[in-house]
Every structure is written in C-alpha cells, then in structure tokens.
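Student: Hi! Could we go through this one together? I have a few quick questions.

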Amino acid sequence: MPAHDPVTELIGRLDRSVVGSARRRREVVAEIEGDLREAVAGRTAAGQPASAAAAAVAAEFGDPRNVAAALSLELLAARGRRFTTLTAIGVVALLIAWYVGMTTIVGLPGFRLPAESGWMLQVSTALDVAGPLLVGTAVVAWFAIRRWGSPAALAAVAVLQLGFTLVLVAGAVAMAATLAVPAAGMTALVVLVAFTVVLGAAMTASSTSVLLRWVAVSREPRRARS
C-alpha cells in the first residue's frame, strides 16, 4: 500500500462526516471501504500501479462530504422508522395505564376529586385527545419515512412526543403531590406515577436525541456545499 493512500484518506474524511451512531457509522464506512479496496485490487490485478489505482478509485468515488450527507439521511431514516414505531407503542401503553389507573382510583368508594384539582380533568381531557393524535401522526410519519425518507416527518413526531411526555410526566408528579387518595388506591397511584415517570422520561430523552440528530443531519448538506 502506498505511503499516501487516497482511499484511507477518503475513508477517514467519510467517517468524520457521517452523522449517526458510532456502531452504525462504523458498519457503513467499513462496508464502503471494503468495496473501494476491492475496486483497487481489481485495477492492480489488471496491471495498474497501486498508487494510481487508489487515486483513480478515490476520484471516482466523488466528494466524501456529499456521500456523507446522503448516508446520514439514510441512517436518520432508519432510526426514524424505529422511533416512530416505539412512539406509537409507548403512547398506547401510557394511555392504557392512565385509563386503568384512573378508573381504579376514581372508582374507589368515597373518593371525590377536590374542586381545586379540577385542572387534572382538563389536562386529562387534553391528553385523551393528544395521545391518539400522536399515535396517528407516528403511523403516518412511519409511512412517510419509509416511502420518502422524510426527516421533517420524523422531527414533527419527535416534537409532539417531547411535548406530550413532558406534560404527562409533570401532571403525574403534580397529581402524586396534591391528590389525596384513599389508602386502598395508593398502590394504583404509585404504580401509575412511577410507570409514567420512567417511560415518559425515556421517551423524552429519545425525542431530544432524535431532534439533535435531525439538526445535525440537516446541517450536513450545507457543510458539504460550503
């Protein structure tokens, strides 16, 4: 291999430019490097000097920044399909948990929702609408990402999920701190709040991570043109 290997240099630039998880980036870049090495080997087998073969293959590959931008979009789309699927599953799980938990609590003998806690009904009603809306948006976005690789659809779901989970977790914590529940309903309340906080926090972190990735990938084509 020549001291100055254009393929190695190209792969290094590509690896630094692709936006994605470390594992997926390594896999994609390693696959491309394997293809390039095979192309170089084919040229050298045909009698071309190794340095000239490597330079020709690197030149034919094109600008690694443009390739990296396209690869970043592909990786984002793959993550988007997983993310939107998990969004729908997570929201459905939360809606079921809240239906079962609140039905159990409200059905307790002698339980009455205090007048000062009326905001809980308003929040609950809003979430009853927002939850199915988010699930529907996630399903539509999954098809949009699969069909067109739409990063905008992914970003929309991430923003909606972030708002949904933040409000739901905050409401659960406020309910646990202010709602007087009979002893028979304490277990249901604790389980509901704990489930909401744990799953909601995980979904919030996932939304934030996806949005950060979306911003980074959206900036990649501009860097490639600069």
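Student: Leaving aside neighbours within four places in sequence, which residues is R213 in contact with?

Tutor: Happy to help, and keep in mind that this is a predicted model. Beyond those sequence neighbours, R213 is in contact with V19, G20, S21, L76 and R79.

Student: Which helix does R213 lie in?

Tutor: R213 lies in helix α7, which covers residues 186–225.

Student: And is R213 buried or exposed?

Tutor: Buried: its relative accessibility is 15%, and the cut-off for buried is under 20%.

Student: New topic. Where is G171?

Tutor: G171 is in helix α6, residues 151–178. G171 is buried too, with a relative accessible area of 14%.

Student: How far apart are the C-alpha atoms of G171 and M102?

Tutor: They are separated by 13 Å, while the two residues are 69 residues apart along the chain.

Student: Back to α6, then. At what angle do α5 and α6 pack?

Tutor: Helix α5, residues 118–148, packs with α6 at about 155°, and the axes are 9 Å apart. That angle makes the pair roughly antiparallel, because angles over 145 degrees count that way.

Student: Is the crossing left-handed or right-handed?

Tutor: The crossing of α5 and α6 is left-handed.

Student: Which residues make the contact?

Tutor: From α5, they include W119, L127, G131 and I145. From α6, F164, L168 and M175 are among them, and so is G171, the buried glycine we just discussed.

Student: How many of the residues in that contact are nonpolar, polar or charged?

Tutor: The contact of α5 with α6 has 19 nonpolar and 5 polar residues, with no charged ones.

Technical notes. Residues numbered from 1 in each chain as written. Predicted model: local features only at pLDDT ≥ 70, side-chain atom pairs only at ≥ 80, totals over all residues. Heavy atoms only, no water. Helix = DSSP H or I, 4+ residues; strand = E, 2+ residues; numbered from the N terminus. Buried < 20%, exposed > 50% of the residue type's maximum accessible area, 1.4 Å probe, protein only. Contact = heavy atoms within 4.5 Å. Axes fitted to C-alpha atoms, helices over the stretch in contact; angles between N-to-C directions. Parallel < 35°, antiparallel > 145°, perpendicular 65-115°, else oblique. Left-handed = near helix turned anticlockwise from the far one by under 90°. Nonpolar A, V, L, I, M, F, W, Y, C, P; charged D, E, K, R; others polar.
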